[in-house]
Amino acid sequence: MTRFILNRLALSLFMLLGVSILTFVGTELLPGDVASAILGQDATPEALDALRRKLHLYDPAIVRYFRWLGHFFTGDFGNSLVSGRSVLAQLSERLPNTLFLAGFAALFALPFALIIGTLAAIQQDQPFDRMVNSLCMGLGSLPEFFVCYCLILVIAVNLGWLPSLSAVSPDMSFSQHFYVTLLPMIALAVATVTHPLRMTRAAIMGVMSQPYIEMAFLKGMPRWRVVIFHALPNALAPIITVTMLAMAWLIVGVVVIEVVFVYPGVGQLMVDAVAQRDLPIVQACGLIFAGTYIGLNLLADVLAIVVSPRLRLR
């Protein structure tokens, strides 16, 4: 177990290094010039040259990459090229908002997916099961922004129950913050729930043909009891894996949701930084999202082994 965790940790660090290279190269390939984007079109050649020297833009890309990577792993994310503020300070302001949104969306979506997926497995091929599968297929095929705009049109515009824009501020109470964030929470939960729900049903159905399940049926046990007490515990490994992947998507998939609802989170910060060519913020957000996704994948692998003795023996 320890060897497996160390191997997975080393692989995760290697993947994070690869993501850092892709992030740096991607920001370097963005069209336009950083100095011109900061100073504007009316900047003089002398001012542009001075800013490029200040930002070390004349240094080779490999030198700038290792300088940036070294600063990042020492906790120095640099300063914003636009505002001059510390990137770490801006992230610390936005990250709680993103975690608030993703955390409550997970509290809604993941237990709902587990319960409804289990009920669908209990009522296999019944009308409820067919209805759940049809809804999952339909919702899973819709892009997130389309779901957001549909919810805005119905809930915010036509019914007027919730605000269409999630304008939050530090002086808001918890109830006010929750109220203005409820609509993007619903949108994020709807976009997330389909995959773990279908995986829960599929994982349970995958063990229903095992001999011990048939023996339970031969003993006269009702189907709901067989599913809950025999099939579900043995299907936890793939369910946990897909649940952790859904949580990872909740963190990194909030970008579209935050942009649509103008929610002041890390995703909105990253999109604004791309538009302004604020490379330190783009690079820091990219690595944070990648590190979160890779870390939750590692946790999913470990938890799958913990709940499945058969995997520990391999």
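**A predicted all-residue view: helices, packing and local features**

Asp-125 occupies the loop that runs between helix H5 (87–122) and helix H6 (127–140). The model in which this loop appears is a predicted one. Asp-125 is not a glycine, yet its phi is positive, at about 65°. Most residues other than glycine have a negative phi. The residue counts as partly exposed because its relative accessibility is 46%, a value that lies between the limits of 20% for buried and 50% for exposed.

A second residue can be described in the same terms. Val-262 is likewise not a glycine and has a positive phi, of about 50°. Its place is the loop between helix H12 (254–261) and helix H13 (266–276). With a relative accessible area of 47%, Val-262 is partly exposed.

The chain as a whole gives these loops their setting. The protein chain contains 15 helices and zero strands. Its C-alpha trace spans about 85 × 55 × 35 Å along the principal axes. Of the 314 residues in the chain, 39% are buried. When contacts between residues at least 6 apart in sequence are considered, 71% of them join residues at least 24 apart.

Confidence should be kept in view while reading the model. The average pLDDT of the protein chain is 81, and 95% of the residues score at least 70. Confidence is highest in helix H7 (residues 144–158), at 87, and lowest in helix H15 (residues 309–312), where the mean is 57. Where pLDDT is low, the predicted coordinates should not be read in detail.

Helix H5, which precedes the loop of Asp-125, provides a starting point for the packing. H5 packs with helix H10 (residues 223–234) at an angle of about 125°, and the two axes are 9 Å apart. H5 is therefore oblique to H10, since the angle falls outside the 65 to 115 degrees that count as roughly perpendicular and is not over 145. The crossing of these two helices is right-handed. On the H5 side the contact involves Leu-114, Thr-118, Ala-121 and Ile-122, which meet Arg-223, Trp-224, Val-227, Ile-228 and Leu-232 of H10. Sorted by class, the contact of H5 with H10 comprises seven nonpolar residues, one polar residue and one charged residue.

H5 also meets H12, the helix that precedes the loop of Val-262. The axes of H5 and H12 come within 11 Å and cross at roughly 110°, so the two helices are roughly perpendicular to each other. Here Thr-98, Leu-101 and Ala-102 of H5 are in contact with Val-254, Ile-257 and Glu-258 of H12. By class, the contact of H5 with H12 has four nonpolar residues, one polar and one charged.

A further helix pair is formed by H8 (residues 174–207) and H11 (residues 236–252), whose axes are 9 Å apart and which pack at an angle of about 170°. H8 is therefore roughly antiparallel to H11. From H8 the contact draws on Leu-188, Ala-191, Thr-192, His-195, Pro-196, Met-199, Thr-200 and Ala-203, and from H11 on Pro-238, Ile-239, Val-242, Ala-246, Trp-249 and Leu-250. The contact of H8 with H11 has 11 nonpolar and three polar residues, with no charged residues.

His-195, one of the H8 residues in that contact, can also be placed relative to Phe-289. The two are 94 residues apart in sequence, and their C-alpha atoms are 20 Å apart in space. Phe-289 belongs to helix H14 (residues 279–307). Its relative accessible area is 9%, and Phe-289 is therefore buried. Leaving out residues up to four places away in sequence, Phe-289 touches Ile-251, Val-252, Val-255, Val-266, Gly-267 and Met-270.

The last residue to consider is Ser-12, which lies in helix H1 (residues 2–28). Ser-12 counts as buried because its relative accessibility is 9%, which is under the 20% limit. Apart from neighbours within four places in sequence, Ser-12 is in contact with Ile-294 and Leu-298.

Key:
Residues numbered from 1 in each chain as written. Predicted model: local features only at pLDDT ≥ 70, side-chain atom pairs only at ≥ 80, totals over all residues. Heavy atoms only, no water. Helix = DSSP H or I, 4+ residues; strand = E, 2+ residues; numbered from the N terminus. Buried < 20%, exposed > 50% of the residue type's maximum accessible area, 1.4 Å probe, protein only. Contact = heavy atoms within 4.5 Å. Axes fitted to C-alpha atoms, helices over the stretch in contact; angles between N-to-C directions. Parallel < 35°, antiparallel > 145°, perpendicular 65-115°, else oblique. Nonpolar A, V, L, I, M, F, W, Y, C, P; charged D, E, K, R; others polar. Left-handed = near helix turned anticlockwise from the far one by under 90°. pLDDT = per-residue confidence, 0-100.
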